[in-house]
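Colleague: I would like to take a close look at a single part of this model with you, slowly enough that a first-year student could follow along. Please take the cysteine links as the main topic.

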Amino acid sequence: MQIWAFLTPFLVYSCSCSRADEPIRAFVVPHSHMDVGWVYTIQESMHAYAANVYSSVTEELSRDKHRRFIAVEQEFFRLWWDTAAKGSHKKQVRQLVKEGRLEFLIGGQVMHDEAVTDLDDQILQLTEGHGFLYETFGVRPRFSWHVDPFGASATTPVLFALAGFHAHLISRVDYDLKDRLQKDKRLQFVWRGSPSLGEQQQEIFTHIMDQFSYCSPSHLAFSNSSGFYWNGVALFPDPPQDGIYPNMSLPVTKETVHAYAQTMAENIKQRGAWFRSNHVLWPWGCDKQFYNASVQFKNMDPLLDYINQNTKEFGVTVEYATLSEYFQAVHQSELSWDVRGSEDFLPYSTESFQAWTGFYASRNALKGLVRRASSQLRAAETLFARYRVSFPDGPVAKDWALAKLRALRWAVSEVQHHDGITGTESPKVAEMYAQHLRQAAMGVEEVVAALFLLPHHGLGLPQHLVSDLHREGSNEAMEQHVIVYNPLAWNITTIVNVTVTFPMATVFDDDGQPVAAQIQRSAHSNVTYDLFVVVTLGGLQHRKYLIRLSKTACRAKTSCSATYTAEGVHFERRYPGSGQKIGRRLLPVLNDCYKLMFDQDTNLLHSITDRAEKRTVRMRQEFWEYRANGDVKAGPISDNYIFTAIEPAVRAHRAVQMEIVPGKVVTEIRQYFYREEGDADYAFSITTRVPQSFAGGPPCHTLEQRYSLGPLQLNTEVVLRTTTDLQTDRTIFTDANGYQMMKREHRDIPDNTVARNFYPMVRAAYIQDDRSRLVLLSERAHGVSSQASGQLEVMLHRRLWNNLPWNRGYNLTLNDSSVIQPALWITMSSLSASSRLHQRGAVELQNRPLVMPIDQPRREKELRAAVPVRPVVLPPNLHLLSFSIPGWNYSSQHDRHLLHLDSGRGLRPEPDYDRVLVRIMHLFEEGEDPEFSKPVSIDLKEVLSGVGEVGAVEERSLTGTWDVNTLDRWKWNTHAGMKDEGRHGCLTQAFNVTISPKEIRTFFIHFRTTQL
Ligand SMILES: [Zn+2]
């Protein structure tokens, strides 16, 4: 740090010297940062300012051909387009887009968070926005504008490259790092975010915004207002009737123009010294700006003219620009750039005690809801696509089903916003996201129910069907039918859990054969029972099961004896912190993979043995909590965004009770943690499920843990701390958005070390020594850290309050009193065996079988007689990432599509229901596994024959909008050169495709249906 401080004057001096004669060319990029949520609901934002942004910008741009604007979040634009834009606006927008003066950046529904979002959802939200833009305007965004996400992931540039982007722009990176990069003129580089993908396929020029970030300078010496924002500050809930907003800056007049010009030119020159080319990106805008574009441009126009008329004096030229115009200029400079590998910019701090690592765990319930909705959506998409191919004239109305799916696509997309899934929004906005998700999920449930009952005919309208399904108190109350669907393109044997209210149940498959099952009292309820059913399903296959419920126990050797009734054994309350001896009275729980030892003197886990490796690792799991400060006068605080550990974590419980429920399908260990010794109610619990080993049973390597926490005490942040004797030197590995694993070595930072060593965990985290790896897989995002060797702690839940006026004013204090029940899957194995388990395990946990109870079908015989659905099975290292009918109506021939748009005749009258969007992902990194890391060749026709006959295949860009062979992304000169010349058109006529490590290949598949 100090060295840089000494070097700075020299660097700045040498740079300004080399370009002394040349004026700096500043690209003034007008924009408005419009959070899809955060403090205000979407409706409130639309009303207060967002609709006005697009109306007034459209009108103002049409008045002067020099003016420009960039549009970023598609959700607001689409709402405006569909509900507020007049016919004249639409005409103007089409013209402006054609001229390139109104430019769409990113093109996703939102500017997604990069830390806690899942790959599936990032792709979804990008696809959702891109589909609309391409359909409506024939345009495909080629640049990103990721100015606000709280830290930057290495997955994002990879996905953007696969979507066809030329360049990527980010802003929030560690304050001290930004300082260094700025002084060293290294804010721009070529990023290769994946260690496995081909260079040409993934590399992307990346620009980190300088210290001014995405807002124009707001402190002007001569003005008491708000900088270059002549329209002032947006007013909520209503825009002012007289058009007078607070903080409107002094107008640009003869008297003020020189002062404005001087301030702007000085700022441009200051920034010019941080970049290698002679171009400065000068974002003009900030949050909620340009709702009155007229006053904005009316002041900026003469200011720019004045500067350009006095270029000699000011040393700069200024022009309105879109981001593409700026990047074009940088690209043409033909400089050679540094290459950055797969290192990311997480975690993110704005000061030493401002570590933005709290949001990894903020609003855990919302984070869980998002992922469940996303997984339900994916399953429903695959079902609908299969159905459409098999029954093009089937009774489920396709437009009805598509509308329901679209609603959930929209809801899942929206919440990926960087103040959405992050949990950094106000309570009313969190409720808005949840409401949208729940409502849309209910709609999709109706679709799934309708699709499952096929192939029936004449079942009536889906709505009718659904109300029928939910009918209660029918005669068949003692029998329940469930359909279990495997949404993965792999064959699986797994355990599903059905909650019932009877103490006994027997299960039969669709051939009438009894199925292995187990029933026991639920851990957290006195009135329900958990029924565990072992299901075996082919890829994308569903089966119907009959559950026969009974109030009486089973007599041995009857058909019901396939269900095992499990009874719990209770263990007295113990006090683990009180210095008792441990390891004297151990209780084993075994399956073929593991031996778990529980200590009867503590009621805690004592060790785990990997039986294949004959390796025993000491292991203890407990809840600890960080006690947060909420008083800004007393020191740094924790809030929605920020985590500050003002003191080390303390054990959050004094007593533990245990119950073991030995079973033949699963053995369950229930641990209840009490805050105080005599508490009647437990504060936290862990339910560990150990699958039992038997012929035809599920694989034994996955231990499932479910936790229950909350409501927490105020100002506590609770972690699950797993302590082992693995020698790990505090290094952990965490996933980046479920796409790849990142190695995180402990960072020795003098201040705030605990908080700055937290990382996001979206799907996976592990620790390892030279022999064994302990992996945690997750179904929702958490914060994760290793504060001591062999330790892995997961921040599960936070409840905070603070008195920072800004936080209180916006209601961003996070007083979250919810009860949460997240789950983790745990595996421990040798390093060589681990990758296969956790790569697939993470996908399996994210895509659990869909279990849907249905009423006794009226036409039982028909259902039985139905032709079984043929499985779709991919090789074990390939994952069917998407299988859906997007319902776009554009032609995949670009020229033809543009012709359609130009003719004004509009598009096809209805969505294209015959185009299936298929994405296949290779799960492994190069060199990760001797076998599974190899490129895999598949014949798409063959692989998808279970769905139907493939007629044609087109390979597309990630979001579907490009023919992949026409992408033609910009090439950038690098200091490292390029080893890999890239791959083009690996698809042959024979439908053969080779998929290499970490590749995601996207296709349009056209099946030959009976309609064709
Ligand atoms: Zn934002």
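How many disulfides does a search of the whole structure find, and where in the chain do their cysteines lie?

Modeller: Please keep in mind throughout that this is a predicted model. A search of the whole structure finds two disulfides. In general terms, a disulfide is a covalent bond that joins the sulfur atoms of two cysteines.

Let us begin with the pair Cys215 and Cys286, which form a disulfide with their sulfur atoms 1.9 Å apart. This pair links distant parts of the chain, since Cys215 sits in the loop between strand E6 (204-208) and helix H9 (257-272), while Cys286 belongs to strand E7 (residues 279-287), and the two cysteines are 71 residues apart. The link of Cys215 and Cys286 is right-handed, with 65 degrees about the S-S bond. As for their surroundings, Cys215 is buried, and Cys286 is buried as well.

The other disulfide is formed by Cys593 and Cys700, whose sulfur atoms are 1.8 Å apart. Here, too, the pair links distant parts of the chain: Cys593 lies in the loop between strand E21 (586-590) and strand E22 (594-599), Cys700 lies in the loop between strand E28 (684-691) and strand E29 (703-709), and 107 residues separate them. Because the torsion about the S-S bond of Cys593 and Cys700 is about 65 degrees, this disulfide is right-handed. To judge whether these cysteines are buried, one needs the cut-off, which is under 20% relative accessible area. Cys593 has 16% relative accessibility and therefore counts as buried, and Cys700, with a relative accessible area of 15%, is buried too.

For a view of another part of the model, turn to an open sheet of four strands, which follow the order E15-E18-E13-E39 with antiparallel pairing. The edge strands are strand E15 (504-508) and strand E39 (850-854), each of which pairs on one side only. On average, and with direction ignored, neighbouring strands of this sheet are turned by 30 degrees against each other. Within the sheet, strand E13 (residues 479-485) and strand E18 (residues 542-550) pair in the antiparallel sense over seven bridges, and the bridge partner of Ile483 in E18 is Lys544. Helix H13 (residues 364-390) lies across E13, E18 and E39 and runs at about 85 degrees to E13, while helix H15 (residues 427-452) also lies across E13, E18 and E39, running at about 75 degrees to E39.

Terms used
Residues are numbered from 1 along each chain as its sequence is written. This is a predicted model: local features need pLDDT of at least 70, side-chain atom pairs count only at pLDDT 80 or more; totals for chains, interfaces and linings use all residues. Side-chain values use heavy atoms; hydrogens and water are left out. A disulfide is a pair of cysteine sulfur atoms within 2.5 Å. Buried means under 20% relative accessible area, exposed over 50%, partly exposed in between (1.4 Å probe, protein chains only). Two strands pair if DSSP finds at least two bridges between them. Axes are lines fitted to C-alpha atoms, for helices over the stretch in contact, and angles run from 0 to 180 degrees between N-to-C directions. Contact means heavy atoms within 4.5 Å.
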